[in-house]
Amino acid sequence: RRVRDSEWKGKAAGGCRNHATWSNNPQFSVEVQQKSTVFISLSQPDLRLKKGHDDDLYPPLGVFGSKVQDTQYKALSCTPDQIVLQTSFVTSRDISCEFEADKGNKYIIIPCYFQAKVENPFNFTVYSQKDAKVALVTQEMKENFVVGRWNSQNAGGCTNHTTWRRNPMYCLDASHPVKVIISLEQMIEGDDNPFTMGLYVFKSDSAYRVLTPKNPVNKPKFSNVPVLCVD
């Protein structure tokens with residue numbers, strides 16, 4: 001058994017994956033030396049100890065987790081093919097779940113509230129059949145931030161359309177090999193649903209705009225989510 005105490009507070013109260021801030025939540029790495037069933041328990045404070053509160057007031061909480069290549073840094077992407085567990089959000093003090101962890105694989109587990117900006121301490125416990133390494137991941141990758149916009153002049157669509165070259169393009173230049181995660185976030189207003197979006201990464205010998213959609217570095221994925229990440 002491995003027990004870790006942490007809290008959702010300030011920036012770390014990121015909410016579920018419906019929110020662009022989900023990666024700000026506390027994240028825990030899990031690694032096993034042998035294939036094992038991993039059982040996770042998440043508990044928030046007992047409201048019965050607070051006068052005037054009842055069980056109906058527990059904020060909905062849940063847990064999700066993904067298989068990753070590196071647990072040195074906090075996860076910024078969580079695509080459907082990476083997800084190994086995902087609970088429903090329940091209005092109770094505790095929630096538990098389990099998943100099958102394979103030898104040599106690395107996992108990031110993220111406990112969260114359904115809503116962002118809800119603050120509370122919590123208790124995170126991991127049980128496993130075999131020895132498991134569990135740690136709070138604190139390192140974050142360096143961030144460069146650019147604001148763009150699709151408008152009537154540059155909303156070119158995917159490469160199925162001849163107008164795809166009109167889309168905004170950005171040049172990324174690395175002086176040495178480095179792991180890069182690109183996050184694309186839609187600025188959603190009110191209760192509007194996100195549009196289906198994606199992104200392409202091309203290798204180029206110059207800083208000029210790409211004109212032919214040949215051999216993208218990434219496998220483009222399109223999804224109607226608030227935030228899309230590729231690495």
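**Exercise 1. Determine the order in which the strands of the open sheet stand, and which strands lie at its edges.**

Solution. Step 1: five strands, taken in the order 5-4-7-2-9, make up an open sheet with antiparallel pairing. Strands (E, at least two residues) and helices (H or I, at least four residues) are DSSP runs, numbered from the N terminus, and two strands pair if DSSP finds at least two bridges between them.

Step 2: strand 5 (83–86) and strand 9 each have a single partner strand, so one side of each has no neighbour in the sheet; these are the edge strands.

Step 3: from one strand to the next, the twist averages 20 degrees. Axes are lines fitted to C-alpha atoms (for helices over the stretch in contact), and angles run from 0 to 180 degrees between N-to-C directions.

Step 4: strand 4 and strand 7 are joined by 8 bridges in the antiparallel sense. Val 63 has Pro 111 in strand 7 as its bridge partner.

The model is predicted: local features need pLDDT of at least 70 and side-chain atom pairs count only at pLDDT 80 or more, while totals for chains, interfaces and linings use all residues. Residues are numbered from 1 along each chain as its sequence is written, and side-chain values use heavy atoms, with hydrogens and water left out.

**Exercise 2. State how many helices and strands the protein chain has.**

Solution. The protein chain has 0 helices and 11 strands. Its C-alpha trace spans about 60 × 45 × 30 Å along the principal axes.

**Exercise 3. Identify the residues that touch the most other members of the largest nonpolar core, and the strand that gives the most to this core.**

Solution. Step 1: a nonpolar core is a set of buried Ala, Val, Leu, Ile, Met, Phe, Trp, Tyr and Cys residues joined through side-chain atoms within 4.5 Å. Buried means under 20% relative accessible area, exposed over 50%, and partly exposed in between (1.4 Å probe, protein chains only).

Step 2: the largest core has 23 residues, and Ile 40, Phe 99, Ile 109 and Phe 124 touch the most other members. Among the elements giving two or more residues are strand 2 (27–32), strand 3 (36–43) and strand 7 (106–113). Strand 6 gives the most, with 4 residues.

Step 3: leaving aside residues up to four places away in sequence, Ile 109 touches residues including Val 30, Ile 40, Leu 85, Phe 99 and Phe 124. A contact means heavy atoms within 4.5 Å.

Step 4: a second, separate core has 10 residues, including Ala 75, Cys 78, Ile 110 and Val 137.

**Exercise 4. Find the salt bridges, and classify their residues as buried, partly exposed or exposed.**

Solution. Step 1: a salt bridge is a side-chain nitrogen of Lys or Arg within 4 Å of a carboxyl oxygen of Asp or Glu. By this rule there are 3 salt bridges.

Step 2: Glu 140 and Lys 11 meet at 3.7 Å, N to O. These two residues lie 129 residues apart in the chain. Glu 140 is partly exposed at 44% relative accessible area, whereas Lys 11 is exposed at 54%.

Step 3: Asp 46 and Arg 93 meet at 3.9 Å, N to O. Asp 46 lies in the loop between strand 3 and strand 4, and Arg 93 in the loop between strand 5 and strand 6. Asp 46 is buried at 12%; Arg 93 is partly exposed at 32%.

Step 4: the closest N and O atoms of Asp 81 and Lys 221 are 3.3 Å apart. This pair is separated by 140 residues. Asp 81 is exposed at 56%, and Lys 221 is partly exposed at 40%.
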